[in-house]
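Me: I'd like a close look at one part of this protein, the largest pocket. Could you walk me through what lines the pocket and what is going on around it?

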Amino acid sequence: MIGESSCPIATVLRNKRTAQQFWTRVFNDGDLDYIDQTLAPGYTYNGSPGGADGLKAWVKALRSAMPDLFFRVESLLGAHDTVAIRWTLSGTRDGKEVFLTGENVLVFDDNGRAVSNWQFLGTPDLTHQAC
């Protein structure tokens, strides 16, 4: 996962695998330690500083609000240092089913760690139900 690669295809595959595992391990399994392994120093979220501690707190709050939270990765596209991931979120909050779709675009450094993450929600009318 982490480490330099001189092969562009290998780099893209590594970054796609990291993105896939991040959604599965962090959001679905609650493996917060994986955050430390995958975020580069200076990581930004939607252009703002968003280090590991802030992300861990947000994941904890999200999983607490929706104990049955599940992210399904629908597709991954990768080129150079960038991976786009399309996902669906499902869960229950306050007895109501929640369903969101969204996309994230992640940029990775040469060591396979995420340096930036831009998120776009496909169903913004439901955003506040999830958080």
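Reply: Here is a tour of the pocket, followed by the core and a hairpin. Keep in mind that this is a predicted model.

Let's start with the space itself: the largest pocket has a volume of about 310 Å³. Its lining is made up of 23 residues, and F27, Y43, Y45, L55 and N117 are the ones closest to the centre. So what kinds of residues are in that lining? Sorted by class, 15 are nonpolar and eight are polar, while none is charged.

Several parts of the chain chip in. At least two lining residues come from each of helix 1 (8–28), strand 1 (39–45), helix 3 (52–65), strand 5 (96–108) and strand 6 (114–121). Helix 1 gives the largest share, with five residues.

Now for the core. The largest nonpolar core has 28 residues, and the members touching the most others are F22, W23, I35, F71 and L89. Two or more core residues come from each of helix 1, helix 2 (33–38), strand 1, helix 3, strand 3, strand 4 and strand 5. Here too helix 1 supplies the largest share, again five residues. Take I35 as an example: beyond its neighbours within four places in sequence, it is in contact with F22, V26, A52, L55, K56 and V59. In general, nonpolar side chains tend to be buried together in soluble globular proteins.

Last, the hairpin. Strand 3 (residues 70–79) and strand 4 (residues 82–93) run antiparallel and pair over nine bridges. One pairing puts V73 opposite its bridge partner W87 in strand 4. Two residues sit between these strands, and H80 in the turn has a positive phi of about 55°.

Methods
Residues numbered from 1 in each chain as written. Predicted model: local features only at pLDDT ≥ 70, side-chain atom pairs only at ≥ 80, totals over all residues. Heavy atoms only, no water. 1 Å grid on protein atoms, 1.4 Å probe; cavity = no way out; pocket = protein on both sides within 12 Å on 5 of 7 lines; lining within 4 Å. Points joined across faces, edges and corners; volume = space filled by probe spheres on them. Helix = DSSP H or I, 4+ residues; strand = E, 2+ residues; numbered from the N terminus. Nonpolar A, V, L, I, M, F, W, Y, C, P; charged D, E, K, R; others polar. Pairing = 2+ DSSP bridges. Core = buried A, V, L, I, M, F, W, Y, C linked by side-chain atoms within 4.5 Å. Buried < 20%, exposed > 50% of the residue type's maximum accessible area, 1.4 Å probe, protein only. Contact = heavy atoms within 4.5 Å.
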